[in-house]
Amino acid sequence: AVVSTQSTGVESEKNGNGFIESASKKQKITPPQNQYGDFEDIFEILDDKGWSGLDMGDRVRVLRVLCDRATETMVVRSRVEEFIGVTKELKKEEREQALKNKKLEKEVGDDKKEAAQKQKQQESLDLELSKHVAKHIPLGYDRHKNRYWYWQKLPGRIMVETVGGKHWFVYSTSEELAELINWLDERGQREKALKETLQKKKVKIVNAMEKRAHDIQKALQL
């Protein structure tokens, strides 16, 4: 049975022996949550009271704070190590990408250098051809008004200049020469004249083509 004491305002009840106990004695007394909640205060408390000066409950709470801090430290360390690992991996990828970029730049540079060299060779050839064109008369013309040239300084090759001189083609074998002669149509005045000229010079041109092919093959074997 609960007995109210108005003078004190404390609720009491009888125990099994008939004695009256204060209900407040049965309430669990919990210290403030932050009594030992700050890690910085732990060493100050231990210096003040000493480990032996703390009761069992306080010792448990101090150990709990220390364990929580240790756990947090482990988590932080784990995250730091994870971050360091990711950073190292990113730096490795950056180095590999830098090497790839450097290699690509070198390849592009080599391609540009090779292209420039080919352009220079082409310009030199065009200049040489223009000199021959200015000094000689072409063998003739085809239906497309392309001009056909044969020069002693460039033996074994029949050079074909397109209209305007923008492009050049070459016939360098006896088989190609035979195909050209067969392709020319005698019904047209230009191609008829060109065909007759090629037939007259065919033996001389074929001999020069075969000699040139032999010289190239010999040079390749050296």
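Helices (H or I, at least four residues) and strands (E, at least two) are taken here as DSSP runs, numbered from the N terminus. In those terms, T162 belongs to the loop between β6 and β7. The model is a predicted one.

**Overall layout**

The protein chain contains five helices and seven strands. Read from the N terminus, the order of elements is β-β-β-α-α-α-β-β-β-β-α-α. Of the 222 residues in the protein chain, 18% are buried. The exposed surface of the protein chain comes to about 17800 Å², with 53% of it supplied by carbon and sulfur atoms. For contacts between residues at least 6 apart in sequence, 34% join residues at least 24 apart.

**The four-strand sheet**

Strands of a sheet pair through backbone hydrogen bonds, in either a parallel or an antiparallel manner. Here four strands make an open sheet in the order β4-β5-β6-β7, and the pairing is antiparallel. The edge strands are β4 (140–141) and β7, each of which pairs on one side only. Helix α4 (residues 174–183) packs on this sheet and touches β5, β6 and β7. The direction of α4 makes about 110° with that of β7.

Two of the strand pairings are set out below.

| Strands | Bridges | Direction | A bridge pair |
|---|---|---|---|
| β5 (residues 147–149) and β6 | three | antiparallel | Y148 and V160 |
| β6 (residues 158–161) and β7 (residues 168–171) | four | antiparallel | I158 and Y171 |

β6 and β7 form a hairpin, with six residues between the two strands. In the turn, G164 has a positive phi of about 90°.

**Around T162 and F169**

Is T162 buried or exposed? T162 counts as buried because its relative accessible area is 16%, and the cut-off for buried is under 20%. Leaving out neighbours within four places in sequence, T162 is in contact with N146, H167 and F169.

F169 lies in strand β7. With residues up to four places away in sequence set aside, F169 touches I158, M159, V160 and T162. The contact between T162 and F169 thus joins a residue of the loop between β6 and β7 to a residue of strand β7. F169 and Y148 are 21 residues apart along the chain, and their C-alpha atoms are separated by 9.4 Å.

**Aromatic rings and a charge**

A pair of aromatic rings is described by the distance of the centres and the angle of the planes. The structure holds two aromatic pairs. One of them is formed by W151 and W168: the centres are 6.3 Å apart, the planes are at 50°, and the pair is tilted. This pair links distant parts of the chain, with W151 in the loop between β5 and β6 and W168 in strand β7, 17 residues apart. W151 counts as buried because its relative accessibility is 2%. Through ring pairs, W149, W151 and W168 are linked into a cluster.

Which ring does the charged end of R143 sit over? That ring belongs to W183, and the charged end of R143 is 4.1 Å from its centre. W183 falls within the residue range of helix α4 (residues 174–183), the helix that packs on the sheet.

Methods
Residues are numbered from 1 along each chain as its sequence is written. This is a predicted model: local features need pLDDT of at least 70, side-chain atom pairs count only at pLDDT 80 or more; totals for chains, interfaces and linings use all residues. Side-chain values use heavy atoms; hydrogens and water are left out. Buried means under 20% relative accessible area, exposed over 50%, partly exposed in between (1.4 Å probe, protein chains only). Contact means heavy atoms within 4.5 Å. Accessible areas come from the Shrake-Rupley method with a 1.4 Å probe; for residues, only the protein chains shown count as cover. Two strands pair if DSSP finds at least two bridges between them. Axes are lines fitted to C-alpha atoms, for helices over the stretch in contact, and angles run from 0 to 180 degrees between N-to-C directions. Rings of Phe, Tyr and Trp (its six-membered ring) pair if their centres lie within 6.5 Å; planes under 30 degrees apart count as stacked, over 60 as edge-to-face and the rest as tilted. A charge sits over a ring if NZ of Lys or CZ of Arg is within 6 Å of the ring centre and within 35 degrees of the ring normal.
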